Every structure is written in structure tokens, then in C-alpha cells.
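Please open the structure in the viewer and keep the selection tool at hand. The stops below are to be visited in order.

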Amino acid sequence: MARERTIHLIDGSAQFYRAYFAIRGLATSRGLPTNATYGFTTMLRKLYQDEQPEPIGISFDLPAPTFRHEEYKEYKATRRKMDDELAVQLPYVRRVCEAFRLPVLELSGWEADDVIATLARQAVEAGYQVVVVSGDKDLLQLVTDDVLVLNPGREGSGSTLYGRAAVEEKFGVPPERVVDVLALVGDAVDNVPGVPGIGDKGARDLIREYGTLEGALDHADQVQRAAYRQGLLEHRADALLSKRLVTLRTDVPVALDL
């Protein structure tokens, strides 16, 4: 059921990709792929049925470079080109949004996650609660008492709602420390370097022990495990760059217009 004074913000790009890889082999009689469009529409139908969201908006990534590319030219450089069978469905997904009368909120030079983070901040300042709809772990850094992340299940399956306790249970650290873990681990998909030799468990252990990425770096010579110690000592600049790349911005020049 809808929560009173709650705004839903959908990470459209994440849901579009997720639908494409979750459902394969659907096409029209003329061979036009429909799997991503179908899965995306199914997600929206389930969201509207379960949550009855209003107000609601959706944001998509745009192809133009962002401020992250300006800081680190190799950002997302290793990503493969979007599959043709996926790209051809983008116009239809946008038509689905039009059919739902779902406002599309996006801005060239910024990623959808930053647009969502900015609008979430503005909504909370205006006295609203926010539910961010996404399966992307990067957005868990936004979770507060007033901002939740909903990972929608497929039609016929349950969704997962992340508040502060659920984030800490899943990630091993509170929401405000998610960026520190992500910075240490890096991201091969987005080509965020991270610190070599430190995986998910190691990153969580380090942040729990030292509090922040900066704390771990400042005490690198005290870290017992040799691989972690060497990585922190030799890749301090990469770690700090990674944290800037994974931290969502809340100062996108967009305005919340209910």
C-alpha cells in the first residue's frame, strides 16, 4: 500500500538492464526483441499494484559523458557497447513510461543515480519520505530514516525493502559507510579501480575496524593482513579517487516539482 507523503523514484536504467538479462528469447513475429520492454513493463505493473505510488518519477542514464568521465577518463571505459537487441527497445520503454504517465527526470552530464539522490534530498527537506526503486547496490548509500530502497521482485515474487538495519545486515556496514566499502572493492563494470587484493569481506572488515576509507588508509601500516596492507599503502590515490567516483552527488541542477 502507498505510504502517506511518500515519493517513489525509479532507477530506470538499472531496471531496464535487469529486465533484459532476466528474460530472454521474446520477440514479435517480425523479429523485434521485446524481452526488456516486457520485463520493464511487468516491473512497473507490479510496483503500481503493490505500492500505489504517487507522486512518482523515473530517471535514465543518458549517453553523454558525465562529470565522472571528466575526473577519470577511464570511467566505464571497459563497458562493452550496448547490445543491439537491447538498444532497439529503448524507444519502446520510453513509450511505456508515457503510457503510465510516468515523468522522466534526466539531465545531460549527470547519471540517473545522481538525479535520484538530488531529488531524494529535496523531497526529504520538503517533509516527504522517499522510496528509491532499484536493485543497484550503489543506491543503498542513500538510505536514511526517511529514504528507503525497494528492490522490486518479479511478478509473482516478493520485493525487498531496505532500511538502515537491512542495509547493515546485507552490506555489513551502515548506509553512510557503503561508499567506503565500494571504494575499496572497486567496480569492474564501471572501471572504478578500488584497491587490488581487497574484496567484499576484506573491505567490510576494514571499514568496521577503522570507520572510514580515510581511517583505513591512515592506519594502513597497522593492518595485519599483508595483502590489505600493501594495497592500502600503494593505492591510496586510487582508493580516494574511487570514493569520489562512487559517491552520489546531491547537487544536480534539477528541482523537485510535484
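Select β3 and then strand β4 (residues 147-151): the two run parallel and are joined by four bridges. Helices and strands here are DSSP runs, numbered from the N terminus, a helix (H or I) having at least four residues and a strand (E) at least two. Two strands count as paired if DSSP finds at least two bridges between them. Within this pair, Val131 has Leu148 of β4 as its bridge partner. The model is predicted, so local features need pLDDT of at least 70 and side-chain atom pairs count only at pLDDT 80 or more, whereas totals for chains, interfaces and linings use all residues. Residues are numbered from 1 along each chain as its sequence is written, and side-chain values use heavy atoms, with hydrogens and water left out.

**The sheet**

Now display the five strands, which form an open sheet of mixed pairing in the order β2-β1-β3-β4-β5. β2 and β5 (160-162) each have a single partner strand and stand at the edges, so one side of each has no neighbour in the sheet. From one strand to the next, the twist averages 25 degrees. Add helix α2 (residues 35-51), which packs on the sheet and touches β1, β2, β3 and β4; contact means heavy atoms within 4.5 Å. The direction of α2 makes about 165 degrees with that of β1. Such axes are lines fitted to C-alpha atoms, for helices over the stretch in contact, and the angles run from 0 to 180 degrees between N-to-C directions.

**Helix α6**

Select residues 112-125 next. What should the 14 residues of helix α6 span at 1.5 Å a residue? The expected value is 20 Å, and the end C-alpha atoms are 20 Å apart, which agrees; the expected span is 1.5 Å times one less than the number of residues. Eleven of the 14 residues are buried, so α6 is largely enclosed by the rest of the structure. Buried means under 20% relative accessible area, exposed over 50%, and partly exposed in between (1.4 Å probe, protein chains only). The buried residues of α6 pack against β1 (6-11), β2 (56-59), α3 (67-71) and β3 (129-133). Just after the helix, Gly127 takes a positive phi of about 95 degrees.

**Charged pairs**

Stay with α6 and select Asp114 together with Arg68, whose closest N and O atoms are 2.6 Å apart in a salt bridge. A salt bridge is a side-chain nitrogen of Lys or Arg within 4 Å of a carboxyl oxygen of Asp or Glu. Arg68 lies in helix α3 and Asp114 in helix α6, so this pair ties together parts 46 residues apart in sequence. Are these two residues buried or exposed? Arg68 is buried at 2% relative accessibility, and Asp114 is buried at 0%.

Move to Arg121 and Glu125, another salt bridge, with closest N and O atoms 3.1 Å apart. Both lie in α6, four residues apart, about one turn of the helix. Arg121 is partly exposed at 32% relative accessibility, while Glu125 is exposed at 60%.

**Phe67**

Finally, select Phe67 in helix α3. Phe67 is buried, at 16% relative accessibility. Leaving aside neighbours within four places in sequence, Phe67 is in contact with Gly109, Trp110, Asp114 and Arg249. Select Leu245 as well: Phe67 and Leu245 are 178 residues apart in sequence, and their C-alpha atoms are 9.3 Å apart in space.
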